[in-house]
Amino acid sequence: MELHSVKLRLQEHLSDGMVTVVGSGLSCAEGLPGMGELANYLLTNIGSNLEEDDSTAWKEIGRLILSKGLEAALLAMPPTPALETAISSATAELISERERSVISEVFSGKRKLRLTRLLSHLVKPPSGLTIVTTNYDRLVEIAAEEADLGADTMFTGRFAGQLNENESRMSFCRGITMKPRRAASLQFRHRAIVCKPHGSLDWYARNGRPVFYAGELTGVSRLIITPGHNKFRNGYESPFDHHRSKANEAIDRASRFLVLGYGFNDDHLETHLSPSIRAGKPTLMLTHSLSAVARDFAFKFPSVIALEHAQKSGVTGTNAIIEQQEFFFPNIAIWDVDSFVTEVLEP
């Protein structure tokens, strides 16, 4: 298959009815920690202030992390409540520290996020462009605003903001059109509806209710769901349940998907996303390395196009799975969002 033909197919995919799914791979590309770095950070920074039983449990989990990896270890041996709190706090600490560095560069004009460049080329429906992300960081929201889109996370208010989907949506209303004998028509600013079923670094609990606060708070735990069995259980508490429901509704309505750096290993989304892909909804995947599940989708379903980094005979390039066949394109990195925009959307 000729590269030119591939580029045309990729351009055609970015049309109406698309839902974008963003995984940790996109944040890692911007310099945020991946699962391996997070595991090392937890092993180094958790343990000194634990009670004896929790300390013993953490040592056992630590051995599993070294042999199986972080998520597999926490699935095999779910942490105690005290350990879960410690894991959540340390996770937020590492990610927020790295996030601050990236945001500072964006704010000062030294960096432009990959997703910002991509969003400029996507169709913006009047009802909002839905982006589902399993990430805790705020890079999706920042990318949206840098692309001159509103970032609708369904919270409203700057200090201890409340979860209120309708009020948040109405905050993007920019006018009203009156026509004779017709109902009034509301005009909305273009916006990204950001669904975060695993939580966000700016979500906290206050008096038993979830609130939004963009700053740093001392001694207050963020509302994020860490890997392991507790992920699924906690995912049904507010605000996770509302964001999960909105994500799944959008996935069910979607006519196609754009999947960026996501490995298809999340129970919250897979109950809807995977069946939709199996049903034949066109899907484009961009990632550094396809997970086993993603690769299986690409080879089983002709409606899936998957792009990943590859190296053959010392030459780096892009490995593409298209119509269940594998192709190698040397000296081009269209699996990376930045290069994808440059080579495919801005040739």
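Here is a short walk through the structure above, from its overall form down to a few unusual spots in the backbone. Keep in mind as you look around that this is a predicted model.

Let's start with the whole chain. It contains 15 helices and 16 strands. The C-alpha trace spans about 65 × 65 × 40 Å along its principal axes. A compact globule of 347 residues would have a radius of gyration near 20 Å, and the chain's 21 Å agrees with that. Of the contacts with a separation of 6 or more, 63% are between residues 24 or more positions apart.

Next, the inside and the outside. Buried residues account for 50% of the 347 residues. The accessible surface is about 16,500 Å², and carbon and sulfur atoms contribute 50% of it. As for charge, you will find 37 positive and 41 negative side chains, with the centres of the two sets 6 Å apart.

Now zoom in on the backbone. Between helix H10 (229-234) and helix H11 (240-253) runs a loop that holds proline 239. The peptide bond joining serine 238 to proline 239 is cis, with omega about 5 degrees.

Two other loop residues are worth a visit, each with a positive phi though neither is glycine. Methionine 154, in the loop between strand S3 (150-152) and strand S4 (155-156), has phi near 70 degrees. With a relative accessible area of 1%, methionine 154 counts as buried, because the cut-off is under 20%. Glutamate 323 sits in the loop between strand S15 (315-322) and strand S16 (325-330), and its phi is near 50 degrees. At 38% relative accessible area, glutamate 323 is partly exposed.

Terms used. Residues are numbered from 1 along each chain as its sequence is written. This is a predicted model: local features need pLDDT of at least 70, side-chain atom pairs count only at pLDDT 80 or more; totals for chains, interfaces and linings use all residues. Side-chain values use heavy atoms; hydrogens and water are left out. Helices (H or I, at least four residues) and strands (E, at least two) are DSSP runs, numbered from the N terminus. The radius of gyration is taken over C-alpha atoms; the globule rule is 2.2 Å times the number of residues to the power 0.38. Buried means under 20% relative accessible area, exposed over 50%, partly exposed in between (1.4 Å probe, protein chains only). Contact means heavy atoms within 4.5 Å. Accessible areas come from the Shrake-Rupley method with a 1.4 Å probe; for residues, only the protein chains shown count as cover. Lys and Arg count as positive and Asp and Glu as negative; His and the chain ends are not counted. The place of a charge is taken as NZ of Lys, CZ of Arg, CG of Asp or CD of Glu.
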